[in-house]
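The following exercises are to be worked with the sequence and the coordinates at hand. Each task is followed by a solution in steps.

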Amino acid sequence: MFETRFIPGLVVVVLAYVLNGLKGALNQEQFFAFLGYMVLSFFAYVLSYWMIPKIAQLTEKADIFGYDINKKGTEAGTIKIPESLGIVPATIYLIFNILGILFTRAYMPDLILSHISGLLAITFIVFLGFADDVLDLAWRYKLLLPPIASLPVIVAYTGGTQIVLPQLIRPYLGQSIDLGPIYYLYMIMLSTFQSNAINIYAGVNGLEVGQSIIIALSIAVYNIIEISTQQQHLFSLMIIVPYISSALALYNYNRFPSKVFVGDVFCYWSGMTFAVAAVLGHFSKTLMLFCIPQLINFLYSLPQLFGIIPCPRHRLPRYDQKTGLLYAIKTNLTLINLVLLIKGPTSEKNLCRVLLSFQILCTIIGFGIRYLGSQMFF
């Protein structure tokens, strides 16, 4: 079972792997420019870690707080927990990522347009996500936010709109097919899915940030594997590495027992960052292989999301005060409840371990599909 306290160590190992992989893939000037990016990412972590408790005091004073429903009926369930703290690492991420352009513009000028467009989209979604936290927007409006925010990414996209077809149907339709405008619609839908997928797979201390960091690490590893094929993978690393360090600072406060809640702003920020890294990095289809649990949760949730069966505001498990365990609610169609139905009642801390272990397992499966399955079918 993966221990949630190992996530910081996992981050260090992957980032060391990234640096080692870049040594042979970049020339000396590019490598030292990216090394400057890594230094900025470290300072983004330090500043985020320092700022989060200070901003938490301000959000609580502004009545932006919540109560931990999974501890209802206990003393811990009566404590006010500051909410929307995802705004802190998201803002610091944007600041340091913009500063990072100073290191890379001289050696990688072709990436500046993509970089600025991607950061513009992330800025839009962070602003809209925080507005959602404050104004508590209805779901019909939430679905409109990511498509609006993704427009700069769509405009800046310079890749192809063709998809390679499986070998079984190539005799009938050819090796590939050009989707044209439909591919742009697909990228908008991808941004929408990514921004909401984490938001509906949440409610356990540390789960939102934990799953996001694992997805981000998967993206970083994939970029290193593919870095020699095209320069866009270097751009994707520039987007994702500062995200990992900033989100890690938030994880330290959000893991069990949570001292702060991340808010919708974190979910939107994470989803759009992944979409920007994948779309402008030209691996949007591969990204979905790193989000298998989020896809399962979305498909399992469809009857409630479309109103076929009643959908409560919080589709969380039931907390039992006597045992201190979480019990599945069969009518709440989420992967969290499904795991509890299969595994049986467990503590919140252990449930997060199980879910993050499943995320890592699915990541390994995703890499297997990408590099073994694709050879069989494409």
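The exercises below concern a predicted model.

**Exercise 1. Salt bridges around Lys71**

Task: Determine which residues form the salt-bridge network that includes Lys71, and state which parts of the chain the pair Lys71 and Glu348 ties together.

Solution:
1. Begin with the general principle: side chains of opposite charge can pair when their charged atoms come close.
2. Apply the cut-off, a side-chain nitrogen of Lys or Arg within 4 Å of a carboxyl oxygen of Asp or Glu. Asp68 meets this condition with Lys71, their closest N and O atoms being 2.5 Å apart.
3. Lys71 also forms a salt bridge with Glu348, with 2.9 Å between the closest N and O atoms. Lys71 is located in the loop between strand 1 (65–66) and strand 2 (81–82), whereas Glu348 belongs to helix 16 (residues 348–377), so this pair ties together parts that are 277 residues apart in sequence.
4. Asp68, Lys71 and Glu348 are thus linked in a network of salt bridges.
5. For burial, the limit is under 20% relative accessible area. Lys71, at 10%, is therefore buried, and Glu348, at 5%, is buried as well. Asp68 is likewise buried.

**Exercise 2. A second link to helix 16**

Task: Find the salt-bridge partner of Arg370 and classify both side chains by accessibility.

Solution:
1. The structure holds 4 salt bridges; one of them joins Glu226 and Arg370, at 3.8 Å from N to O.
2. Glu226 is in helix 10 (residues 207–226) and Arg370 in helix 16, so that the pair links parts of the chain 144 residues apart.
3. Glu226 has 12% relative accessibility and is classed as buried, while Arg370, at 23%, is partly exposed.

**Exercise 3. The course of helix 14**

Task: Compare the span of helix 14 with the expected value and locate its kink.

Solution:
1. Helix 14 comprises 14 residues (292–305) and extends 18 Å from its first C-alpha to its last, close to the expected 20 Å.
2. The kink, of about 30 degrees, is at Leu299, shortly before the proline Pro303.
3. The buried residues of this helix are Ile292, Pro293, Gln294, Asn297, Ser301 and Gln304.
4. After the helix comes Gly307, which has a positive phi near 75 degrees.

**Exercise 4. Unusual backbone geometry**

Task: Identify where Asp63, Ser84 and the peptide bond from Phe256 to Pro257 lie with respect to the general backbone rule.

Solution:
1. Recall the rule: most residues other than glycine have a negative phi, and most peptide bonds are trans.
2. Asp63 is not a glycine, yet its phi is positive, about 65 degrees. Asp63 sits in the loop between helix 2 and strand 1 and is exposed, with 60% relative accessible area.
3. Ser84 also has a positive phi of about 65 degrees. Its place is the loop between strand 2 and helix 3 (87–104), and with a relative accessible area of 1% Ser84 is buried.
4. The bond from Phe256 to Pro257 is cis, with omega near -10 degrees; Pro257 is in the loop between helix 11 (232–254) and helix 12 (263–279).

**Exercise 5. Aromatic residues in helices 1 and 2**

Task: Describe the surroundings of Tyr17 and of Phe42.

Solution:
1. Tyr17 is part of helix 1 (residues 7–25) and, at 37% relative accessibility, is partly exposed.
2. Beyond its neighbours within four places in sequence, Tyr17 contacts Val221, Ile224 and Ile225. Tyr17 and Val221 are 204 residues apart in sequence, with 7.8 Å between their C-alpha atoms.
3. Phe42, in helix 2 (residues 28–61), is exposed at 51% relative accessible area. Together with Val39, Phe43 and Val46, Phe42 makes a nonpolar surface patch of about 370 Å².

Key:
Residues are numbered from 1 along each chain as its sequence is written. This is a predicted model: local features need pLDDT of at least 70, side-chain atom pairs count only at pLDDT 80 or more; totals for chains, interfaces and linings use all residues. Side-chain values use heavy atoms; hydrogens and water are left out. Helices (H or I, at least four residues) and strands (E, at least two) are DSSP runs, numbered from the N terminus. The expected span of a helix is 1.5 Å times one less than its number of residues. The bend at a residue is the angle between axes fitted to the seven residues ending there and the seven starting there. Buried means under 20% relative accessible area, exposed over 50%, partly exposed in between (1.4 Å probe, protein chains only). Patches are made of residues with over 30% relative accessible area and no salt bridge: like charges are joined within 9 Å, nonpolar side chains (Val, Leu, Ile, Met, Phe, Trp, Tyr) within 5 Å. Accessible areas come from the Shrake-Rupley method with a 1.4 Å probe; for residues, only the protein chains shown count as cover. Contact means heavy atoms within 4.5 Å.
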